[in-house]
Structures are given as C-alpha cells and as structure tokens.
Amino acid sequence: MNVMTDLSAEGLRARIAQHLTYTLGKDAAHASTYDWRMAVSYAVRDLIVEPWFAATRKTYQAQGKRVYYLSLEFLMGRMLEDAMVNLGLRDTLHDVLADEGIALDDLIEDEPDAALGNGGLGRLAACFLESMSTLACPAYGYGIRYEHGLFSQKFEAGQQVECPEDWLNQPHPWEFERPEARYTIPFKGSVRIDKDTAIWTPAETVYARAYDMPVVGWQGKWANTLRLWGAHPTDLFDLERFNAGDHTAAAAPEALARTLSRVLYPDDTTDGGKELRLKQEYFLTSAALQDILRRFLSEYDDLTLLPHKVAIQMNDTHPALAGAELMRLLVDVHGLDWDVAKPLAVGCLNYTNHTLLPEALETWFTWLMGRVLPRHMQIIERIDREHRAMTECADHLRIVHHDQVHMGTLAFVMSGHVNGVSALHTELMQETVFADLARLYPGRILNRTNGVTPRRWLRLSNPALSTILTDTIGAGWEGDLDQLRTLADHENDSALRDALHGAKRANKVAFAAWVQDHMGLTLNPDAMFDVQVKRIHEYKRQLMNLFETIARWQMIRANPTANWTPRVKIFGGKAAPGYMIAKEIVHLINDVATTINNDPVTGDLLKVVYPANYNVSMAQRMIPAADLSEQISTAGKEASGTGNMKFTMNGALTIGTLDGANVEIREHVGADNFFLFGMTADEVRTRGQHRDHARQAILASQPLQDILQMVVEGRFNRTNPDRYHGLVARTWDDDPFFVTSDFTSYMACQAKVDTAFADPDGWTRTALRNIAGSGYFSSDRTIREYMDGIWDTKSLG
Ligand code: 26Q
C-alpha cells in the first residue's frame with residue numbers, strides 16, 4: 001500500500017511517530033502537548049498535500065478559470081480539527097492517540113486561533129474558501145499574514161482591556177513559506193510621462209513574500225490555497241551605519257518594512273484615513289495582482305484572454321485599489337492601450353458590499369492617496385473622468401469629490417458585477433447608497449445571500465446533533481445541506497424529538513462546565529440559554545437586550561415565586577478599541593452581570609454571563625448550546641449576519657427583526673417558528689424623521705423609565721454612580737438605533753419566548769423545523785451562485 005494513502009490506525013500512528021521523532025526531535029516519553037499537537041498536525045497536513053497538488057494539476061490541464069478572493073481579513077480559527085473532520089479521520093486519530101495516553105481534545109485546544117479578521121466579513125471569507133474547495137472550484141484566497149491578529153480581550157473591573165495577540169510566537173504547522181514567490185511593492189516617489197508612457201519612480205519599496213496554507217474541502221477531494229503575504233525589507237540592513245556603531249538606525253529599514261504586515265486593524269467599521277492602513281491595502285492588492293498576472297502569463301501569452309481565465313472578487317472596498325492597480329500593470333507594465341485594458345479589468349473584477357452604514361464607507365484624502373500612490377491617483381482621476389463623461393454626473397456620483405477618493409464608487413465602476421449579501425441588503429443598496437450608479441450601470445447589482453460552512457458549524461462543532469441527523473436522514477447531508485429538509489418528515493417522531501432535546505442539553509451541560517471552569521459561575525442547564533454573540537456595536541443593540549435583562553430582573557424580584565422561565569443571558573463580543581460608546585456598553589453588561597449574579601432573590605432564575613475574548617473557538621462551543629439566538633439589529637442596518645445562520649442550523653430559535661438575512665431565515669423555517677418583533681426598515685426611516693422619537697418612546701413606557709432611572713442612579717455601579725450618565729442622556733436625546741422605539745415590542749416578544757420554552761417538547765419541535773429549514777444557508781449554495789452568475793467558473797470535481 002502507498003504510504004501516502006494508508007489511513008489505517010497503524011498507518012496514522014506511524015506517521016505521527018515519524019514526525020514526533022524526526023520533525024520535532026522528541027522522544028514520545030518526553031513529548032509535551034505542544035509536541036504532540038505539532039506531530040499530529042504535520043501528519044494530517046501531509047495527507048492534504050496530495051489533493052492539493054492534484055487540484056493544481058487538474059486546473060492546469062483543464063485550462064480552467066481561477067477565482068481569486070481578495071480580502072484584508074480571513075478569520076480561519078483553528079485548523080487541525082477542521083482538517084481532520086474534512087478528511088474523515090477525527091475518530092481514528094482520537095483512538096490512536098488514546099492508545100498513547102493522549103487526549104485529542106487537549107491537542108485541539110492547544111492550537112491558537114488564526115484570528116486574521118474582525119468578525120463577519122473575515123469569517124465569511126474563511127467559509128467561502130472551505131466551500132470553494134468542497135465544490136472543486138479552482139481558487140486562491142489572497143490576504144495578509146498579520147503577525148498579530150485581532151487583539152485578545154480581557155476584563156479589568158468590568159472594562160475591556162486589549163492585549164496583543166501573538167499566534168505566530170510558535171511555528172505555524174499549516175503554512176509553507178515560499179521564498180521564491182516574492183514581489184516588489186512600490187510606494188511614494190514621483191511619476192513622469194515619457195512618450196505617452198508613465199514611469200513611476202518609487203521612493204520606498206518592500207517585498208511581499210508568500211506563505212501558503214492549504215484549505216481542504218469536505219472529504220478531502222480538493223484543496224485550494226490561501227496565500228498570505230508577509231512584508232520584508234528590500235534593503236536588509238544598513239551595514240555602514242552598523243559599522244559606525246549606530247545599531248538601532250542600522251535595523252530601521254527592516255523594522256519599517258515589517259510594520260506593513262505587523263497587525264490587523266481592529267475595527268469593524270472604518271478607522272478613517274490612516275496611512276498604514278492604505279499601505280496595507282495596496283500591499284495586498286499589488287502582490288495579489290502581480291501574482292495573478294505572473295501565473296496567467298506562464299500559461300497564456302494573450303492578455304485579452306484575461307477575463308476568460310481570471311475572476312477576482314473584492315471583499316468589500318478594502319482591496320478596491322485593484323481597479324487602479326490592474327490598469328497600471330496592464331498599461332504601464334505590460335504595454336496595453338488604456339482602452340483595451342479597461343474592459344479586460346472590468347471583466348475580471350467584482351465587488352461585494354458588506355455595509356450601508358455611511359460611517360463605514362471607505363474614503364481616502366486625495367492628498368494622502370497622491371503622496372502614497374502617485375500613479376494610482378492619476379489612474380483614478382482618469383477612470384473618474386471617463387465615468388463622468390457617460391452622463392452629466394452629479395457630484396455625489398463622482399469617484400473623487402470634496403478632496404476624497406470614494407472607494408465604493410471606484411469599486412463599483414471598475415467591477416463587472418457588484419453584489420449585496422442578503423436580499424434586503426441588496427434591495428436597499430439599489431434604492432439608497434448605489435441608486436444612481438445602479439441606473440447608470442443597469443444589471444450590475446446582484447444579490448448573493450451569505451452562507452456558512454456546515455462542516456465547521458455543524459459537523460465539527462455539534463457532533464451530538466450531527467449523529468442524530470445522520471441516523472435520521474442518512475449520511476451525506478454535510479455535502480448537500482438541502483437534505484436537511486427531509487428532517488421535517490420526522491417531526492412527529494417523539495423519540496427523535498427526545499434525542500434532539502438530549503443533544504441540546506448535553507451541549508448546554510458542556511458549556512456550563514466550561515463556564516464553571518473558566519469563570520467560577522454555576523449555570524442551570526435546564527434554564528433557557530439566550531445568546532447574543534457578535535461585535536459590540538450600537539446598531540446591533542446589545543443595549544436593548546441588556547435593558548430587557550434589567551426589566552426581567554425587576555419583574556422576578558417583584559414576584560419571585562411566580563412561574564418564571566429560568567434564563568441565562570449570554571453575551572460575547574469585542575468592542576473596537578477606539579469606539580468609546582461600545583466600550584461603555586461592555587462595561588455596563590459586566591456591571592449588570594455582577595449585580596444580578598449576586599442577587600439571592602433571583603438566584604437561578606436569572607444569570608448573566610459574559611466570557612471575555614469571544615472568538616471562533618468560543619463560537620463553536622456556544623452556538624451548539626444555545627436555545628435562543630438574539631438577532632435584534634435595527635432593521636436596515638445589518639447587511640446579512642452569518643451568526644444567525646449558524647444558530648439556526650444548530651437548532652436555536654431566533655428572536656429577531658426583519659433585518660439582513662433574518663428575513664430569509666424566517667421564510668425558510670416558517671414564520672411560525674421565528675420570534676419576530678420591531679419596526680421594518682421602512683418604519684425605521686419614517687420614525688427617524690421625528691427628532692424626539694426616543695423621548696416619546698420612553699415617556700410611553702414605564703418599564704423603560706424605570707430601567708433608565710436605575711442605570712442613571714448607579715444601581716449597577718455604586719462606587720462610581722455617575723458612570724452611565726452619558727449613556728442614559730444619549731438614550732433620551734438621541735438613540736440613533738431606536739432601542740427605545742423597539743423596546744416594547746421586544747419585551748412582548750420575549751414574553752412569548754418564555755411561554756414557548758415552558759413547553760419543552762413544543763420548543764424542540766420548533767427547533768427541528770429550524771434545523772430542517774437551514775439548508776439554504778450553506779455557503780456551498782452561496783458559492784454555487786457566485787460561480788454561476790458572477791465568476792462564470794466550473795467545478796473540476
Ligand atoms: C475599514 C477601514 C479601516 C479599518 C477597518 C475597516 C473595516 C474592517 C472590517 C471595515 C469593516 C470591517 C468588517 C465588516 C463586516 O464584518 N461586515 C459584516 O459582513 C458580514 C458578511 O457579509 C455580514 O454578515 C454583516 O452583516 C456585516 O456587518
């Protein structure tokens with residue numbers, strides 16, 4: 001038997017032993033958890049190399065079109081368990097290691113998360129990579145190899161404290177460094193025109209060096225590459241200065257270059273105008289496009305074939321310089337005529353919009369862009385001139401106006417297709433922010449509702465439920481999630497409902513044990529686990545959930561012997577370091593938790609849990625343990641949401657507004673199986689026209705007045721009673737996301753949730769319908785839709 005395909009327990013044992021001895025240089029008798037984890041990772045990685053090479057070979061032979069997914073963020077999480085699950089080796093490896101006295105779960109937990117993303121957008125990119133591999137769609141992800149991913153979050157006296165994240169302080173077994181794949185990235189300097197040709201003489205350069213990670217699909221048939229770029233100095237070291245004794249200055253060029261890939265910007269909106277961020281965006285974009293053209297030209301010599309062989313997806317506007325950079329490479333470097341190059345560029349490029357929040361639409365000052373990227377500024381001006389010439393273009397339609405480059409407009413104009421991420425979001429794009437552009441470029445805007453990979457978010461994270469699914473509807477649903485539909489045929493099977501209830505309870509017990517170990521808090525696993533996990537943002541309205549928690553606490557205290565449904569309110573999420581209001585909300589959640597958790601009157605009827613440092617791995621623990629999923633953003637503000645989909649797949653019921661993909665989730669699971677409340681996007685718009693909407697709503701609600709009174713009086717912070725004056729004043733006077741207007745409807749809906757949960761079997765039946773309706777939200781479906789209407793690529797499986 002070929003050693004490479006020997007997947008027997010014996011074969012795997014030998015591979016692990018081999019790596020432990022010869023790669024790690026460790027004797028099994030003295031090997032640490034880390035050593036074992038590395039040995040197992042290398043052994044599993046070896047098994048991916050073959051499908052990885054095969055995928056490259058097949059693509060090359062088929063002269064297939066390749067997809068390039070450009071993203072400043074890839075929120076991959078842990079790699080080992082995902083690879084084991086997709087290769088179907090998790091159980092075998094578990095047993096092999098158990099024979100050695102090693103617990104596989106300890107090794108899995110030992111791996112740091114690859115947290116190269118902020119939240120939804122970065123996690124979507126990770127799900128898409130996995131689905132593209134599952135579907136044998138030839139693809140590369142291109143990103144930055146940040147030395148430090150998203151900060152880790154601690155609480156000190158209830159306040160968020162950020163600590164640098166350091167995932168690369170140990171070797172990363174999933175990456176292959178590619179010293180030969182290296183490009184020069186130019187910055188600054190000047191441009192002169194020589195006989196119609198622009199010649200850019202940069203003042204600074206850095207190298208982009210490739211680090212490749214294989215991403216294996218379901219059942220290990222195909223693997224694509226995530227290529228991350230690290231920044232390295234072009235001038236290594238100033239030897240003259242070193243010899244003259246100035247050792248610090250001698251190392252300066254190296255330090256400066258590496259800054260480019262040092263750290264992920266920790267914002268999930270926009271951090272406005274930072275030169276380093278612009279340089280990061282260009283660094284990624286230029287390295288990726290140089291690599292794409294190099295690969296293309298190694299196979300073809302006619303650049304007009306480009307749109308037939310290359311599809312580039314821009315994940316939001318962060319890599320939107322691609323429009324200008326591709327023109328620069330085609331015209332200045334490869335000598336094409338501008339008018340020939342432009343349709344080629346537009347034929348390759350596509351843009352996904354992830355937000356309509358005005359404060360999150362990227363712009364750069366022309367003086368900054370002109371200084372950092374002088375040639376791109378000229379190219380953008382020309383693109384803008386031609387765009388304006390199409391019609392008498394109003395100011396707000398220009399790429400450049402008020403001394404700012406509008407990246408959304410640039411991305412739109414240079415893309416063949418532009419898409420939103422849920423039906424409602426796409427509709428709003430068309431009606432609001434991009435309405436005039438949509439008229440100017442008809443047919444360009446499409447919808448592609450997001451999805452998530454069921455391998456990580458169901459099979460891996462919820463083995464108990466997965467086993468029940470396979471036993472009930474048969475094997476194979478992981479690769480064809482629409483099969484979950486057939487679960488609905490079994491809803492009258494009471495043994496199945498008992499099993500589902502049992503699996504949920506087991507997941508809750510496991511999460512409660514984790515909370516006990518890590519926070520010293522005891523949870524009742526029969527209480528409702530009510531979960532809101534996502535970045536902390538005003539529009540996501542964690543504050544509304546918290547206000548409801550306070551109201552509930554007061555109601556229970558007023559009548560502690562009534563028939564209350566016990567609840568655990570679970571929060572998770574990070575605030576951007578510079579977002580003061582979000583940090584205030586974090587603080588208040590922690591203050592409220594301390595007060596409520598220490599109240600003997602409410603006891604087990606109400607607990608509030610907010611574990612620090614929510615990340616992908618914590619999501620994998622929490623989501624399977626959730627009874628209720630909070631998706632309560634102000635209608636019209638959440639582009640899609642993807643956590644909402646993960647909860648649905650795992651049999652949580654949703655309390656939510658008609659926002660983002662909630663609308664479609666409700667359609668797919670059935671309106672009766674979804675707790676809907678709140679204003680529609682239209683109603684929000686109308687209500688916003690009343691300047692005193694918040695004051696009116698508060699005056700109409702005694703509970704709201706009581707809650708705000710308690711917060712402002714310092715009921716949750718007796719040592720510093722003024723702490724939340726600002727927050728309460730803003731709620732009365734401003735309340736930009738309509739917490740107060742939706743509060744009464746939210747309270748009433750939560751009461752219905754309580755009643756429903758008091759009937760456990762009825763609840764489980766509803767949960768079953770949610771699982772059965774979640775098939776649509778597989779990212780396999782989403783990727784098929786991109787392949788069909790946007791990329792025009794074929795599966796090579
Ligand atoms: C921009 C400029 C400078 C620094 C940071 C940024 C930046 C970084 C991250 C701006 C935005 C983000 C992330 C946005 C995001 O996660 N959006 C979410 O995308 C999901 C996937 O489509 C949707 O489901 C969510 O609704 C949307 O909020």
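**Entry 1: two residues with positive phi**

I began with Arg541, which is buried in this predicted model, its relative accessible area being 1%. I found Arg541 in the loop that connects strand E19 (528-533) with helix H22 (542-558), and I noted a phi near 60°, a positive value in a residue that is not glycine. I kept in mind that most residues other than glycine have a negative phi.

I then looked up His402, whose phi is near 50° and thus also positive in a residue other than glycine. His402 sits in the loop between E15 and E16. Is His402 buried or exposed? I recorded His402 as exposed, because its relative accessibility of 66% is over the 50% cut-off.

**Entry 2: the sheet around that loop**

Following E15 and E16 outward from His402, I came to an open sheet of 3 strands, ordered E14-E16-E15 and paired in antiparallel fashion. Strand E14 (363-365) and strand E15 (400-401) are its edge strands, and each has a single partner strand, so one side of each has no neighbour in the sheet. Between E14 and strand E16 (residues 404-406) I noted 3 bridges, with the two strands running antiparallel; Thr363 has His406 in E16 as its bridge partner.

**Entry 3: the sheet that includes E19**

E19, the strand that precedes the loop of Arg541, belongs to an open sheet of 6 strands with parallel pairing, in the order E21-E20-E19-E22-E23-E24. Which strands stand at the edges? I identified strand E21 (606-609) and strand E24 (675-676), each having a single partner strand, so that one side of each is left without a neighbour in the sheet. At the E24 end I looked at the pairing with strand E23 (residues 653-656), where 2 bridges join the two parallel strands, and where Gly656 stands opposite Leu676 in E24.

**Entry 4: nonpolar cores**

I next turned to the nonpolar cores, bearing in mind that in soluble globular proteins nonpolar side chains tend to be buried together. The largest core has 191 residues, and within it Met132, Trp229, Met369 and Trp791 have the most contacts. Helix H10 (residues 275-299) contributes the largest share of this core, with 10 residues. Apart from this core I found another, made up of 51 residues, including Ala551, Met710, Val739 and Met747.

I took Trp791 for a closer reading and, leaving aside neighbours within four places in sequence, listed its contacts as Lys65, Val67, Met132, Cys137, Ala311, Gln313, Asn350, Ile783 and Tyr786. Met132, one of the contacts of Trp791, is itself listed with the residues that have the most contacts inside the largest core.

**Entry 5: the second largest pocket**

For the second largest pocket I noted a volume of about 850 Å³. Its lining comprises 32 residues, of which Glu81, Arg90, Leu460, Ser461 and Pro463 are closest to the centre. The elements that supply two or more lining residues are helix H3 (80-87), helix H4 (90-99), helix H5 (104-110), helix H19 (454-460), helix H20 (463-473), helix H21 (494-519) and helix H24 (616-622). Sorted by class, I have 14 nonpolar, 9 polar and 9 charged residues in this lining.

**Entry 6: cavities**

How many cavities of 30 Å³ or more does the structure hold? I recorded 8 of them, and the largest has a volume of about 160 Å³. Of the 15 residues that line the largest cavity, those nearest its centre are Met76, Met79, Asp82, Val215 and Arg456. H3, helix H6 (120-134) and strand E10 (204-216) each give two or more residues to this lining, and I note that H3 also appears among the elements lining the second largest pocket. By class, the lining of the largest cavity has 9 nonpolar, 1 polar and 5 charged residues.

The second largest cavity has a volume of about 90 Å³, and its lining includes Trp52, Arg66, Tyr140 and Trp222. Helix H2 (33-62), strand E4 (139-144) and strand E11 (223-233) each contribute at least two lining residues, with H2 giving the most, 4 residues. I divided the lining of this second cavity by class into 7 nonpolar, 4 polar and 1 charged.

Methods: Residues are numbered from 1 along each chain as its sequence is written. This is a predicted model: local features need pLDDT of at least 70, side-chain atom pairs count only at pLDDT 80 or more; totals for chains, interfaces and linings use all residues. Side-chain values use heavy atoms; hydrogens and water are left out. Two strands pair if DSSP finds at least two bridges between them. A nonpolar core is a set of buried Ala, Val, Leu, Ile, Met, Phe, Trp, Tyr and Cys residues joined through side-chain atoms within 4.5 Å. Buried means under 20% relative accessible area, exposed over 50%, partly exposed in between (1.4 Å probe, protein chains only). Contact means heavy atoms within 4.5 Å. On a 1 Å grid over the protein atoms alone, a cavity is a set of points where a 1.4 Å probe fits but cannot get out, and a pocket is an open set with protein on both sides within 12 Å along at least five of seven lines; lining residues have an atom within 4 Å of a point. Grid points are joined across faces, edges and corners, and a volume is the space filled by probe spheres set on the points. Ala, Val, Leu, Ile, Met, Phe, Trp, Tyr, Cys and Pro count as nonpolar, Asp, Glu, Lys and Arg as charged, and the others, Gly among them, as polar.
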